Amino acid sequence: MPGTVGFWPALEPPVCVVVHCFYFRGGAELLFDGVKKHQVTLPCQPEPWDIRNLLKWIRQNLLKERPELFMQGESVRPGILVLINDADWELMGELDYKLQDQDNVLFISTLHGG
Amino acid sequence: MADGAEAARLSAEIGQREQELRGLRERLATVLLGDAAATEDGASAFPGDLPPLPAQASLSPADILRYSRQLVLPELGVRGQLRLARSSVLVVGCGGLGCPLAQYLAAAGIGRLGLVDHDVVETSNLHRQVLHGEARRGLPKAISAAAALRLLNSTVQYVPYCGALSPRTALELVRQYDVVADCSDNVPTRYLVNDACVLADKPLVSGSALRLEGQLVVYNYHGGPCYRCLFPKPPPPETVTNCADGGVLGVVPGIMGCIQALEVLKIVSGMGSSFSQFMLMFDAREGRFRNIKLRPKKPDCDVCGDNPSVTCLQDYEAFCGSSATDKCKTLHLLSSKDRISVEQYKKLLDEQVPHVLVDVRPPVEVDICHLVHAVHIPLSKLEEKDEEYLEYLKKRICEEKQRTNSQTSFPVYVVCKLGNDSQKAVKILQELPVKEFGSVLAKDIKGGLMAWASKIDPTFPQY
Ligand SMILES: [Zn+2]
């Protein structure tokens, strides 16, 4: 899949920084200035990144306006499906899933139109 | 005065012609319905008990000729074709998804198609709802679809239901069919159809489309999850976009409806579906399909779980906080003193009262049509307090103020398409700092530009 490969400085050993791609679909991207794909480097932290922390990070760094359209409490709002590497996050441990380098996280807003 | 008389004469003539048109439409509907009643033995009543489809032991020579190109497929064959002929499918929604779905199911030789839709054909439907035509505008969609399908394949039974699927009627209706296709356009109907399918134990082939994207899942099939397993709680109503607001490229629901038809055919012919516990996502912009593995059926699901709390159909509009039949939501953010009618605005224009009119629609809609004197500031720019746009607004207010000596608050009117976004914008304008903008009295125009088009200027485009 093009565009999902993160860049890594060749000589620098990957210690605790992870590169991920986030995709927003089904209108969820409209909350993020219409940008569907975000490739980001998460900052170093002693604990491994999980989805719970990732959502917190997205809220603080990508989504400053109207967070209620994306989140509810520490999770996503009803009607948004989270996919980790093309699988329903429910199969992966939901908020507790530990992110791996190069993971693809996809947020889909369900469509209702016909 | 001569102009006034001419205008009155023309209005009267338009009124008369419209009445004639209404009469013609009613007659056409009766004729089409009569057709349906003749072939289906009065089956067009809602819901009505249908006789079982006759079990056919073999294909007739006419059937063999008609279906020969699919009969030679080993995956289908005579056995599969006979299964199609004794299967019935309920199509919920005869719109952008339902039209192509019903068309391919009819062409393939399904035994019976139930067609549910509460709506009538409108001009703005025709770009995607390809069974309806210009001549059938104003007719119920279920009737229009049945009439078009009958021309395609007269051997199929069509049962039009001209009403919304409701908690009162849904279960009885769903029980009479083998498979249900959700081609609806709103959240309450999606929960209603799901629960009815779980309670009646029927597979549900669910499609949806918006803008340039589509989604498809087969629910409640071979032990797979139901819609509620995936979405236990409905989305907040303010996060839901419909095709009228968000737009949709007609071919996108066309593609999704065709895939729904494919899955229905696979299910009824015995091939089985590829999308139980899988979601198909289509991104038309990138030309990409994605296949997503979903969670299994959930033991704690409210309707299909081990101890279901939903054992009969409920009030889904209350559950979802939105309507199943309204085309557009109507917001009530402002009190009536903060709003004016299009008639009042017209009077202000005629009297040349100094003011600023702010059009808060997105640029793509302003391109379609606009009032020439309006200042364009998209709602999103107001929401994020975009400095450039606010500066521009301030400048325009100052310029207009030059034209008046009045010491009262300067009037700013806000308009959008239908009068929802304009209310949100007024809320923002009311918070503007008086120090910079002076004293501003912001009001919105009720019903927006569409009310302007229907009540003041008939030459203004409606979209
Ligand atoms: Zn369920």
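Accessible areas here come from the Shrake-Rupley method with a 1.4 Å probe, and for residues only the protein chains shown count as cover. The model is predicted, so local features need pLDDT of at least 70 and side-chain atom pairs count only at pLDDT 80 or more, whereas totals for chains, interfaces and linings use all residues. Residues are numbered from 1 along each chain as its sequence is written, chains are lettered from A and ligands numbered from 1 in the order in which they are written, and side-chain values use heavy atoms, with hydrogens and water left out.

**Chain A**

Select chain A. It exposes about 5400 Å², of which carbon and sulfur atoms supply 55%. Its elements are one helix and seven strands, in the order β-β-α-β-β-β-β-β from the N terminus. Helices (H or I, at least four residues) and strands (E, at least two) are DSSP runs, numbered from the N terminus. Of the 114 residues in chain A, 51% are buried; buried means under 20% relative accessible area, exposed over 50% and partly exposed in between (1.4 Å probe, protein chains only).

**Chain B, helix 8**

Go to B:Cys197, in helix 8 (residues 187–200) of chain B. B:Cys197 is buried, at a relative accessible area of 0%. Leaving aside residues up to four places away in sequence, B:Cys197 touches B:Val174, B:Val180, B:Lys202, B:Leu204 and B:Asn220; contact means heavy atoms within 4.5 Å.

**Chain B, strands 5 to 8**

Next, select B:Leu212, in the loop between strand 5 (204–210) and strand 6 (213–219) of chain B. B:Leu212 has 33% relative accessibility, so it counts as partly exposed. Add B:Leu249 and B:Val251: with B:Leu212 they form a nonpolar patch on the surface, with about 250 Å² of accessible area together. Such patches are made of residues with over 30% relative accessible area and no salt bridge, nonpolar side chains (Val, Leu, Ile, Met, Phe, Trp, Tyr) being joined within 5 Å and like charges within 9 Å. A salt bridge is a side-chain nitrogen of Lys or Arg within 4 Å of a carboxyl oxygen of Asp or Glu.

Move to strand 7 (residues 278–283) of chain B. Five of its six residues are buried, so strand 7 is largely enclosed by the rest of the structure. Strand 7 pairs with strand 6 of chain B in the antiparallel sense over five bridges; two strands pair if DSSP finds at least two bridges between them. Here B:Val217 stands opposite B:Met279. Six bridges join strand 7 to strand 8 (residues 288–293) of chain B, also antiparallel, and B:Phe278 has B:Lys293 as its bridge partner. In this hairpin, with four residues between the strands, B:Gly287 takes a positive phi near 65 degrees.

**Chain B, the parallel sheet**

Now show strands 9 to 13 of chain B. These five strands form an open sheet with parallel pairing, in the order 9-13-12-10-11. Its edge strands are strand 9 (339–340) and strand 11 (375–376), each pairing on one side only. Two bridges join strand 9 to strand 13 (residues 440–445), and B:Ile340 stands opposite B:Ile445.

Add helix 17 (residues 421–429) of chain B, which packs on the sheet and touches strand 9, strand 12 and strand 13; its direction makes about 175 degrees with that of strand 13. Axes are lines fitted to C-alpha atoms, for helices over the stretch in contact, and angles run from 0 to 180 degrees between N-to-C directions. Buried residues of helix 17 include B:Val426, B:Ile428 and B:Leu429. Among the elements covering them are helix 15 (379–383) and helix 16 of chain B.

Finish on helix 16 (residues 387–401) of chain B, which lies across strand 10 (356–359), strand 11, strand 12 (410–415) and strand 13, at about 155 degrees to strand 10.
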